Amino acid sequence: QERLVESGGGLVQIGGSLKLSCATSHFSFSSYTMAWFRRAPGMERELVAAIRWNSDQTYYSDSVKGRFTISRDNAKSTLYLQIDSLQPEDTTIYHCANVKSENWVSGQFDYASWGQGTQVTVSL
């Protein structure tokens with residue numbers, strides 16, 4: 001069974017930074033486009049960023065562009081999300097996912113599997 005385990009979340013002040021990690025196993029990580037999404041309670045999932053299998057293309061939602069950086073290490077089967085200039089609206093749970101269908105023009109990505117998530121909380 002595919003396994004994705006996020007870590008690196010925490011409590012940080014406005015303007016601070018975090019680096020999230022997603023350790024994966026039991027699927028061919030290096031073959032997949034990977035993504036981060038976030039979901040606040042009672043809200044729809046929001047794509048944060050995606051990265052193609054060979055890192056030659058990335059996608060960011062408008063709300064995080066310029067502040068978030070997605071990266072991956074295929075040798076370690078690990079996905080990362082560097083988050084800078086954190087704002088209160090970034091407070092929520094962040095999930096990593098492997099992507100089963102993708103549209104890089106529209107930013108529509110459908111997920112095959114995802115992890116339990118890691119909580120990011122931005123304080124005033």
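**Strand pairing, aromatic contacts and a buried arginine**

Strand β8, spanning residues 78-83, is mostly covered, with 5 of its 6 residues buried. The model behind this description is a predicted one. Strand β8 pairs with β3 (residues 18-25) in the antiparallel sense over 6 bridges, and L18 has I83 of β8 as its bridge partner. An antiparallel pairing over 6 bridges also joins β8 to β7 (residues 68-73); here I70 is matched with L81 of β8. In the hairpin of β7 and β8, 4 residues lie between the strands, and S77 takes a positive phi near 50°.

Turning to the rings, a search of the whole structure finds 7 aromatic pairs. One of them is formed by F37 and Y111, which are stacked, with 4.8 Å from centre to centre and 15° between the planes. This pair links distant parts of the chain, since F37 belongs to strand β4 and Y111 to strand β10, 74 residues apart. Both F37 and Y111 are buried. F37 also pairs with W114: the ring centres are 6.3 Å apart and the planes stand at 80°, so this pair is edge-to-face. Because F37 lies in strand β4 and W114 in strand β10, the pair ties together parts that are 77 residues apart in sequence. The two partners differ in burial: F37 counts as buried at 0% relative accessibility, whereas W114 is partly exposed at 38%.

Charged side chains meet some of these rings as well. R45 lies over the face of W114, at 4.8 Å from the ring centre. Elsewhere, F27, F29 and Y32 form one aromatic cluster, and R72 lies over the face of F29, at 4.4 Å from the ring centre.

Another arginine deserves a look of its own. R38 lies in strand β4, residues 34-39, and is buried, because its relative accessible area of 6% falls under the 20% cut-off. The side chain of R38 makes polar contacts with the side chains of S63, at 3.5 Å, and Y94, at 2.8 Å. Leaving aside residues up to four places away in sequence, R38 touches a set of residues including E44, R45, E46, E89 and D90. The hydrophobic side chains of V48, V64, F68 and I93 are also among the residues that R38 touches.

A loop residue completes the survey. S106 is found between β9 (92-103) and β10 (108-114), and is partly exposed, with a relative accessible area of 47%. A polar atom of the S106 side chain lies 3.3 Å from the backbone nitrogen of Q108. The C-alpha atoms of S106 and R3, 103 residues apart along the chain, are separated by 28 Å.

Definitions and conventions
Residues are numbered from 1 along each chain as its sequence is written. This is a predicted model: local features need pLDDT of at least 70, side-chain atom pairs count only at pLDDT 80 or more; totals for chains, interfaces and linings use all residues. Side-chain values use heavy atoms; hydrogens and water are left out. Helices (H or I, at least four residues) and strands (E, at least two) are DSSP runs, numbered from the N terminus. Buried means under 20% relative accessible area, exposed over 50%, partly exposed in between (1.4 Å probe, protein chains only). A polar contact is a pair of N or O atoms within 3.5 Å; within protein, one must be able to donate a hydrogen and the other to accept it, and residues adjacent in sequence count only if both atoms are side-chain atoms. Contact means heavy atoms within 4.5 Å. Two strands pair if DSSP finds at least two bridges between them. Rings of Phe, Tyr and Trp (its six-membered ring) pair if their centres lie within 6.5 Å; planes under 30 degrees apart count as stacked, over 60 as edge-to-face and the rest as tilted. A charge sits over a ring if NZ of Lys or CZ of Arg is within 6 Å of the ring centre and within 35 degrees of the ring normal.
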